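Open the model in your viewer and keep the selection tool to hand. The tour below goes from stop to stop, saying what to select and what is found there.

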Amino acid sequence: MKKRILFPLLLSLFISSFAFAQGSFRLKNGNLLSVGKTKSDIVVVVGAPLYKDVLNEAVDIGNGDKLVKTEEFTYKLKGSIGGMYIVLIRFENNIVTSISSKQVDRL
């Protein structure tokens, strides 16, 4: 009976931790960059980006268009697994909405 309860619980924890890991990047020093942090949190940890792209997208909320400030920062950072990574961090209204990375040697 305990196995029937324990297995689904462990499976859901594994899946949720995997989903969280998709929106994050761990630096060599152990710091974690993750979705939901502010732009100032990121800049304090990793400094100024190599490249910054500012976009403005209109979002229809039913009573006219509301402007959402969207920015993308590009970094070259050392990852916890080893090697250098190109890390793209997207902000919407100064909050991290996505983080993607690609190992430099594998580009």
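Begin with tyrosine 85, which is buried because its relative accessible area is 10%; buried means under 20% relative accessible area, exposed over 50%, and partly exposed in between, with a 1.4 Å probe and protein chains only. The model is predicted, so local features need pLDDT of at least 70 and side-chain atom pairs count only at pLDDT 80 or more, while totals for chains, interfaces and linings use all residues. Residues are numbered from 1 along each chain as its sequence is written, and side-chain values use heavy atoms, with hydrogens and water left out.

**The ring pairs**

Keep tyrosine 85 selected and add phenylalanine 25, which counts as buried at 6% relative accessibility. A pair of aromatic rings is described by the distance of the centres and the angle of the planes. Rings of Phe, Tyr and Trp (its six-membered ring) pair if their centres lie within 6.5 Å; planes under 30 degrees apart count as stacked, over 60 as edge-to-face and the rest as tilted. By this rule there are three aromatic pairs. In the pair of phenylalanine 25 and tyrosine 85, the centres are 5.3 Å apart and the planes stand at 70 degrees, so the pair is edge-to-face. Phenylalanine 25 belongs to strand 1 (residues 24-26) and tyrosine 85 to strand 5, so the pair ties together parts that are 60 residues apart in sequence. Helices (H or I, at least four residues) and strands (E, at least two) are DSSP runs, numbered from the N terminus.

Next, select phenylalanine 73 and phenylalanine 91. Their ring centres are 4.8 Å apart with planes at 65 degrees, so this pair too is edge-to-face. The pair links distant parts of the chain, with phenylalanine 73 in strand 4 and phenylalanine 91 in strand 5, 18 residues apart. Phenylalanine 73 is buried, with a relative accessible area of 3%, and phenylalanine 91 is buried at 0% relative accessibility. Add Tyr75 to the selection: ring pairs link Phe73, Tyr75 and Phe91 into a cluster.

**The nonpolar core**

Which residues have the most contacts inside the largest nonpolar core? Select Phe25, Leu33, Ile42, Tyr75, Leu77, Val87 and Ile89 to see them; the core has 14 residues. A nonpolar core is a set of buried Ala, Val, Leu, Ile, Met, Phe, Trp, Tyr and Cys residues joined through side-chain atoms within 4.5 Å. Two or more residues each come from helix 2 (39-46), strand 4 (65-78), strand 5 (84-92) and strand 6 (95-103). Strand 5 gives the most, with four residues.

Centre the view on valine 87. Leaving aside neighbours within four places in sequence, valine 87 is in contact (heavy atoms within 4.5 Å) with Phe25, Phe73, Thr74, Tyr75, Leu77, Ile99, Ser100 and Ser101.

**Helix 2**

Now show helix 2, where Lys39, Ile42 and Val46 are buried. These residues cover an arc of only 65 degrees around the axis, which puts them on the same side of helix 2; the arc is that of the directions from the helix axis to the C-beta atoms. Glycine 47 follows helix 2 and has a positive phi, near 85 degrees.

Is lysine 39 buried or exposed? At 17% relative accessibility, lysine 39 counts as buried. The side chain of lysine 39 makes a polar contact with the side chain of glutamate 71 (2.6 Å). A polar contact is a pair of N or O atoms within 3.5 Å; within protein, one must be able to donate a hydrogen and the other to accept it, and residues adjacent in sequence count only if both atoms are side-chain atoms. Not counting residues up to four places away in sequence, lysine 39 touches Lys69, Glu71, Phe73, Phe91 and Asn94.

**Two loops**

Follow that last contact to asparagine 94, in the loop between strand 5 and strand 6. Phi of asparagine 94 is positive, near 70 degrees, in a residue other than glycine. Asparagine 93 lies in the loop between strand 5 and strand 6 and has a positive phi of about 50 degrees although it is not a glycine. Asparagine 94 is partly exposed at 35% relative accessibility, and asparagine 93 is partly exposed at 43%.

Finish at glycine 83, in the loop between strand 4 and strand 5. Glycine 83 is partly exposed, with a relative accessible area of 37%. Aspartate 105 is 22 residues from glycine 83 in sequence and 7.9 Å away in space, C-alpha to C-alpha.
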